[in-house]
Amino acid sequence: MRFFIIEDNQGALLGGFYLDLYARENKRSGAWIAECRVRRRRINGSIQYPVAFLNCNLGRPVGGKPALFTHQEIGSLFHEVGHGLHHLLTKTEILAVSGINGVPWDAIEFPSQFLENWCWQKEGMALFSAHYQTQEPLPDELLSKLIEARNFNSAMRMINQLEFSLFDFRLHEHYQSTPPTNVQQVLDRVRSELDVDIPPEANRFQNSFEHIFGSGYAAGYYSYKWAGVMSSDAFSLFEEKGILNSEVGAQFLHHILEPGGSQEPMALFTMLRSRKPKIDAFLRHNGIL
């Protein structure tokens, strides 16, 4: 466990976070970010600075060698750091809309998915990856193979996610108890419109679709794809100007991270890109054009 303090470029305190990086017995699985304290202005006028817990389950160093993480694990770490930055870099001082508080559900994954993009760029990879013995950077050929593997069957996966999203929408929009809605018929209609390969009749995936019953995604499963559209389009600004361009980074900080939940996501995105989101970069990043 380590604690990090975050300061701005003038040395002013912004917040801090605890990093619990490695797996251990009795620790919850997965990776997640959790709030410890939220930025707010106290009654006496002082500022309470935000603090977060960043948790992962990565393998510890073994046998005197450093911990070696997979590319997928690095992507998960960047994803959670994106949530953490949304929480820690806010300038909003009202508790209910400070950081990730008050951010509509369909935009909560925007900063997290956005930060993952640096894991797929040569300049980004060079900042945190190298051969642990020779310090040689990741070869271009290997990075290309990683990208090709990510985009393999991406169109089919996209259809699958659209099926889940539309099923979720229509089930909640048209559900009735008397007479009871036939859930299978709702799903079958969506599949008839979208699917290239319709599952066998015995398939009952909907009975265990936990996201829309027990994970807070009821009528909101589409948010995965919508956040992907916003994050890809926002990152395309960095692709145009340079993915390490500090001026563009400052724009993302001021327009997206600092306001937290104090303004509508569409208004914030429009300030960043001077227009509403487009789907082009999202398709390109998924290998679909």
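Reader: Where does N26 lie?

Author: In this predicted model, N26 lies in the loop between β2 and β3, the latter being residues 32-37.

Reader: Why is N26 called exposed?

Author: Its relative accessible area is 77%. The term exposed applies over 50%, so N26 with its 77% counts as exposed.

Reader: What is the phi of N26?

Author: N26 has a positive phi of about 70°, although it is not a glycine.

Reader: Which loop holds S274?

Author: S274 is in the loop between α10 (265-273) and α11 (280-285). S274 is not a glycine either, and its phi is positive at about 60°.

Reader: Why does S274 count as exposed?

Author: The relative accessibility of S274 is 64%. Since exposed means over 50%, S274 is exposed.

Reader: What phi does G242 take, and where is it?

Author: G242 comes just after α8 and takes a positive phi of about 115°.

Reader: How do you know that the span of α8 is close to the expected one?

Author: Helix α8 covers residues 223-241, which is 19 residues. From its first C-alpha to its last it reaches 27 Å, and 27 Å is expected at 1.5 Å a residue.

Reader: What about the span of α1?

Author: Helix α1 has 18 residues, which should span 26 Å at 1.5 Å a residue. The end C-alpha atoms of α1 are 25 Å apart, so the span agrees with the expected one.

Reader: Why is α1 described as largely enclosed by the rest of the structure?

Author: Of its 18 residues, 13 are buried, and therefore α1 is largely enclosed.

Reader: In which helix does H83 lie, and why is it called buried?

Author: H83 lies in helix α1, residues 71-88. The relative accessible area of H83 is 9%. Buried means under 20%, so H83 is buried.

Reader: What makes the pair H83 and E109 a polar contact?

Author: The side chain of H83 and the side chain of E109 are in polar contact at 3.2 Å. The cut-off for such a pair of N or O atoms is 3.5 Å, and 3.2 Å is within it.

Reader: Which residues is H83 in contact with, leaving aside its neighbours within four places in sequence?

Author: H83 is in contact with I33, I100, I108, E109 and S112.

Reader: Why is F269 called buried?

Author: F269 lies in helix α10. Its relative accessible area is 0%. That value is under the 20% limit, so F269 is buried.

Reader: What does F269 touch, not counting residues up to four places away in sequence?

Author: Among them are F110, M230, D233, A234 and I256. S274, the exposed loop residue, is also one of the residues F269 touches.

Reader: How far is F269 from E109 in space?

Author: F269 and E109 are 14 Å apart, C-alpha to C-alpha, and 160 residues apart in sequence.

Reader: Why is P265 called buried?

Author: P265 is in helix α10. With a relative accessible area of 14%, P265 is under 20% and so counts as buried. Not counting residues up to four places away in sequence, P265 touches P104 and A107.

Reader: Why is R170 called partly exposed?

Author: R170 is in helix α5. The relative accessibility of R170 is 25%. Buried ends at 20% and exposed starts over 50%, so R170 falls in between and is partly exposed.

Reader: How far apart are R170 and V186?

Author: They are 16 residues apart in sequence and 7.2 Å apart in space, C-alpha to C-alpha. V186 is one of the contacts of R170 beyond four places in sequence, the others being Y175, V190 and E193.

Reader: Where is P179, and what joins it to T178?

Author: P179 lies in the loop between α5 (154-174) and α6 (183-194). A cis peptide bond joins T178 and P179, with omega at about -10°.

Reader: Which residues make the nonpolar surface patch?

Author: M1, F3, I5, L13, Y18, Y49 and F53 make this patch of about 680 Å². The elements giving two or more residues to the patch are β1 (2-7) and β2 (13-22).

Reader: What makes Y18 fit for the patch?

Author: Y18 lies in strand β2. At 31% relative accessibility Y18 counts as partly exposed. Patch residues need over 30%, so the 31% of Y18 meets that cut-off.

Notes: Residues numbered from 1 in each chain as written. Predicted model: local features only at pLDDT ≥ 70, side-chain atom pairs only at ≥ 80, totals over all residues. Heavy atoms only, no water. Patch = residues over 30% accessible without salt bridge, like charges linked within 9 Å, V, L, I, M, F, W, Y side chains within 5 Å. Areas by Shrake-Rupley, 256 points an atom, 1.4 Å probe, with all protein chains shown as cover. Salt bridge = Lys/Arg side-chain N within 4 Å of Asp/Glu carboxyl O. Helix = DSSP H or I, 4+ residues; strand = E, 2+ residues; numbered from the N terminus. Buried < 20%, exposed > 50% of the residue type's maximum accessible area, 1.4 Å probe, protein only. Expected span 1.5 Å × (residues − 1). Polar contact = N/O pair within 3.5 Å; in protein donor to acceptor, adjacent residues only side chain to side chain. Contact = heavy atoms within 4.5 Å.
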